[in-house]
Amino acid sequence: YQRRVHGTLVSFFLSTKKRIDMKGSIEFLPFNANDLIGDRTPVDQGEMRQTATGLLDHPSERFGIRRSLLEELEIHPQQILRKTLETLHPFRGPSEHLINDNDLAGPLIFCLCLGFFLLLKGKVHFGYIYGVGALGCVGIYVLMNLMSESGVDFDRTVSILGYSFLPIVLLAAFSIFCSVRSLEPMTRLAAYVATIVAVLWCTVTASGMFVTTCNMKFQRWLVAYPVALLYACFALLSVF
């Protein structure tokens with residue numbers, strides 16, 4: 001009985017083919033043996049290899065452009081380097097590209113570098129860096145939106161403060177090789193002057209970008225004062 005049922009099913013599926021048309025109806029067409037054992041046109045191996053290569057080696061053609069891990073994380077090293085070099089010129093006006101770019105990868109890298117340099121001095125200050133940085137960014141963001149009519153975004157505030165943070169990082173790297181407390185009086189005075197220069201450097205760069213972004217041309221000194229206080233806190237963490 002089982003052999004009879006099996007033979008009936010096999011003969012049924014071999015004698016008909018099922019096709020679903022565009023309307024969703026099912027048609028049964030007579031089976032043509034040439035579909036399986038009929039004339040077979042030879043397939044060019046080059047086309048077969050090209051097809052297989054296109055499906056296996058280049059999935060970007062089917063699923064979009066393949067991007068690297070840094071692009072997936074929206075981290076662009078060349079863009080970070082270009083923006084960093086632009087912030088090293090405090091007295092040159094900020095470019096439009098520098099102001100409109102809200103990249104946050106650069107500030108995060110600078111904070112990690114500062115923490116690493118302090119760690120080489122035996123100071124584990126990662127919590128202080130992120131705590132002071134977060135409170136400072138929130139405070140500057142609130143002040144800029146209270147003082148200006150156009151306002152500024154929070155991510156742009158963090159980006160401006162973070163990229164202007166580079167002189168403090170360089171100061172921390174310099175302080176690894178010489179401790180201020182162990183220096184001679186004249187050398188210690190030079191270290192203090194270098195600290196003040198680094199704070200002023202950061203302040204001029206950040207205040208210039210904030211003034212341009214928020215259209216606060218006649219309020220630069222009011223903008224520079226709280227920014228200088230924020231960078232002075234980081235300078236104290238770096239030197240002492």
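**Cysteines, pocket, aromatic rings and helix faces in a predicted model**

The structure holds 0 disulfides. A disulfide is a covalent bond between the sulfur atoms of two cysteines. Cys137 is in no such bond, and the nearest cysteine sulfur, that of Cys111, is 7.8 Å away. Because a disulfide calls for sulfur atoms within 2.5 Å, the 7.8 Å between the sulfurs of Cys137 and Cys111 does not qualify. The model is a predicted one, and everything described here was computed from it. Cys137 is buried, with a relative accessible area of 11%. Cys214 is buried too, at a relative accessible area of 3%.

Cys111 and Cys137 turn up again at the largest pocket. Rolling a probe the size of a water molecule over the atoms shows where empty space is left. In this model, the largest pocket has a volume of about 310 Å³. Its lining is made up of 19 residues, and those closest to the centre are Pro107, Cys111, Gly133, Cys137 and Val158. Four elements give two or more residues to this lining: helix H8 (105-120), helix H9 (126-147), helix H10 (154-163) and helix H13 (220-239). Which of the elements gives the most to the lining of the largest pocket? That is H9, with 6 residues. By chemical character, the lining divides into 16 nonpolar residues, 2 polar ones and 1 charged one.

Aromatic rings come next, and the structure holds 5 aromatic pairs. In one of them, the rings of Phe116 and Phe117 have their centres 6.2 Å apart and their planes at 55°, so this pair is tilted. Phe116 is partly exposed, with a relative accessible area of 44%. Phe165 and Phe234 form a pair of the edge-to-face kind, with 4.8 Å from centre to centre and 75° between the planes. Why can this pair be said to tie together parts that are 69 residues apart in sequence? The reason is that Phe165 lies in the loop between H10 and helix H11 (166-174), while Phe234 lies in helix H13. Both Phe165 and Phe234 are buried. Together with Tyr231, these two residues form one aromatic cluster.

Helix H13 also borders a loop with a backbone feature to look for. Asn215 lies in the loop between helix H12 (185-214) and H13. The phi angle of Asn215 is near 55°, a positive value in a residue other than glycine. Is Asn215 buried or exposed? With a relative accessibility of 63%, Asn215 counts as exposed.

Helix H6 (residues 77-87) gives a clear view of two helix faces. Its buried residues are Gln79, Ile80, Lys83, Thr84 and Thr87. These residues cover an arc of only 135° around the axis, which puts them on the same side of H6. An α-helix has 3.6 residues a turn, so residues three or four places apart point the same way. The face of H6 turned away from the buried side carries the exposed residues Gln78 and Leu81.

A last contact links two positions along the chain. Leu98 lies in helix H7 (residues 96-100) and is buried, with a relative accessible area of 3%. Leu98 and Glu86 are 12 residues apart in sequence, and their C-alpha atoms are 7.7 Å apart in space.

Terms used:
Residues numbered from 1 in each chain as written. Predicted model: local features only at pLDDT ≥ 70, side-chain atom pairs only at ≥ 80, totals over all residues. Heavy atoms only, no water. 1 Å grid on protein atoms, 1.4 Å probe; cavity = no way out; pocket = protein on both sides within 12 Å on 5 of 7 lines; lining within 4 Å. Points joined across faces, edges and corners; volume = space filled by probe spheres on them. Nonpolar A, V, L, I, M, F, W, Y, C, P; charged D, E, K, R; others polar. Phe/Tyr/Trp six-rings, centres within 6.5 Å; stacked < 30°, edge-to-face > 60°. Buried < 20%, exposed > 50% of the residue type's maximum accessible area, 1.4 Å probe, protein only. Arc of directions from axis to C-beta.
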